[in-house]
Amino acid sequence: MNLSNLSKILAKEPKYRYAQVNKAVWQDFIGSWDEVSNLPKALRETLALECPLEITAQIFKGKGHAGALKALITLEDERAIETVLIRQKEHRNTVCVSSQIGCPLNCAFCATGQFGFERNLTAEEIVEQVVFWERYLKKETSKNPNAVVEKVDNIVFMGMGEPFLNYAEFIKAVKFLNNPETLNIGARRLSVSTSGVVEGIKRLSGEKLQVNLAISLHAANDNLRRDLMPIAKKYALRELLRAVDNYIEKTGRRVMFEYLMIKNINDTDKDAADLAALMNKPLYMVNLIPYNPTGQFKASSPERIEKFKAVLEKNGVPATVRLSFGGDILAACGQLRGKKKK
Ligand code: SAH
Ligand code: SF4
């Protein structure tokens with residue numbers, strides 16, 4: 001898919017063509033210009049040549065968890081990115097999008113970081129991942145004439161890459177997804193996760209957008225955090241949490257802190273008490289994430305996670321445990337690599 005010539009082509013057309021094209025591409029999720037019968041044939045032919053709509057992708061379906069699907073999308077420059085669709089009960093669909101090809105931040109527990117960094121994605125490439133799943137859902141759910149046609153309900157920027165190191169394209173994508181004339185997905189349905197890039201948190205605080213913010217914390221002290229996440233050498237916890245407090249003051253919104261549960265590394269009762277001491281503030285909440293194996297560490301047991309959660313709650317910190325989907329297709333958090341199957 002490449003719509004970079006779209007405005008040039010539509011500039012020669014009557015104004016209302018924009019609305020027709022926007023509806024067809026971003027709301028009806030057409031896969032071919034032939035489907036837009038209200039456009040003149042000559043225009044459809046030009047668009048087919050100059051603005052290809054096809055998205056080249058390979059889909060992987062999980063065996064154990066029917067709920068998660070991973071797609072490997074091949075971009076114009078032949079590089080590949082991964083995006084995940086999580087189909088939950090009550091027809092809720094969440095899409096996890098990548099913001100970069102690889103990631104330069106190299107966290108010790110993350111497969112994407114180990115893969116290295118290739119380049120930033122453009123806003124169009126970020127939006128394309130959502131469009132891919134919208135088309136997929138439309139096709140799958142309209143097979144049964146009695147079923148409701150499903151849509152993407154939530155989007156999480158938790159795939160490959162650090163969104164705040166690609167801020168300009170990230171925020172352009174958010175605004176495009178949110179725009180009533182294009183995808184019209186409410187800002188409250190969009191969530192961004194950052195490893196703690198303080199400039200990005202500051203910039204987001206100044207946007208008039210109700211997107212959800214999540215912070216990858218993973219450790220309650222600077223020493224351990226620096227061992228796990230090299231970005232912690234640049235921003236100490238104090239500075240990071242000051243930026244979060246500022247964000248809360250400006251926006252009045254809750255912030256979710258993500259905390260990976262890694263066996264014998266950060267999962268003792270003492271770690272939980274230290275974390276509770278940091279997190280005991282209004283509008284802070286903790287999301288415990290079962291570690292998905294990527295080679296280096298072991299996962300905490302479900303019992304350990306429950307005990308850890310109980311310590312947080314006893315100390316007045318709201319905590320949830322993230323359900324993990326897609327482990328068997330390497331589609332779970334931190335396992336996205338962008339490798340093509342041979
Ligand atoms: N770069 C951003 C967003 C992408 S990562 C960030 O780091 O926040 C999305 C989430 O997956 C983060 O919370 C990240 O810490 C988590 N994650 C990374 N590796 C993981 C693993 N092996 N198992 C489970 N979650 C992991
Ligand atoms: Fe990058 Fe996030 Fe993975 Fe760290 S956890 S390497 S910041 S994608």
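## Worked exercises: loops, a helix and a sheet

Asn-184 has its place in the loop between H6 and E8; helices (H or I, at least four residues) and strands (E, at least two) are DSSP runs numbered from the N terminus. This is a predicted model, in which local features need pLDDT of at least 70 and side-chain atom pairs count only at pLDDT 80 or more, while totals for chains, interfaces and linings use all residues. Residues are numbered from 1 along each chain as its sequence is written, chains are lettered from A and ligands numbered from 1 in the order written, and side-chain values use heavy atoms, without hydrogens and water.

**Exercise 1.** Describe the backbone and exposure of Asn-184.

*Solution.*
- Start with phi: for Asn-184 the angle is near 60°, a positive value in a residue other than glycine.
- Then take exposure: Asn-184 has a relative accessible area of 48%. Buried means under 20%, exposed over 50%, and partly exposed in between (1.4 Å probe, protein chains only).
- Asn-184 is therefore partly exposed.

**Exercise 2.** Place Asn-106 and find its ligand.

*Solution.*
- Asn-106 belongs to the loop between strand E5 (100-102) and helix H4 (111-115).
- Its phi, near 55°, is positive, in a residue other than glycine.
- Asn-106 is among the residues that surround ligand 2, including Cys-103, Cys-107 and Cys-110; a residue is near a molecule if one of its heavy atoms lies within 4 Å of it.
- Sort the shell by type: five residues are nonpolar, four polar and none charged. Here Ala, Val, Leu, Ile, Met, Phe, Trp, Tyr, Cys and Pro count as nonpolar, Asp, Glu, Lys and Arg as charged, and the others, Gly among them, as polar.

**Exercise 3.** Find the two sides of helix H3 (residues 41-50).

*Solution.*
- List the buried residues of H3: Leu-43, Arg-44 and Leu-47.
- They lie on the same side of H3, because their arc around the axis is only 100°, taken from the directions from the helix axis to the C-beta atoms.
- Turn to the opposite face, where the exposed residues Lys-41, Ala-42 and Leu-49 are carried.
- Look for the cover: helix H1 (6-11) and helix H2 (16-26) are included in what covers the buried residues, with contact meaning heavy atoms within 4.5 Å.

**Exercise 4.** Work out the strand order and the edges of the open sheet.

*Solution.*
- The 10 strands run E1-E2-E3-E4-E7-E8-E9-E10-E11-E12, with mixed pairing; two strands pair if DSSP finds at least two bridges between them.
- Strand E1 (56-61) and strand E12 (319-321) each have a single partner strand, so one side of each lacks a neighbour in the sheet.
- Inside the sheet, E2 (residues 68-74) and E3 (residues 80-88) run antiparallel and are joined by seven bridges.
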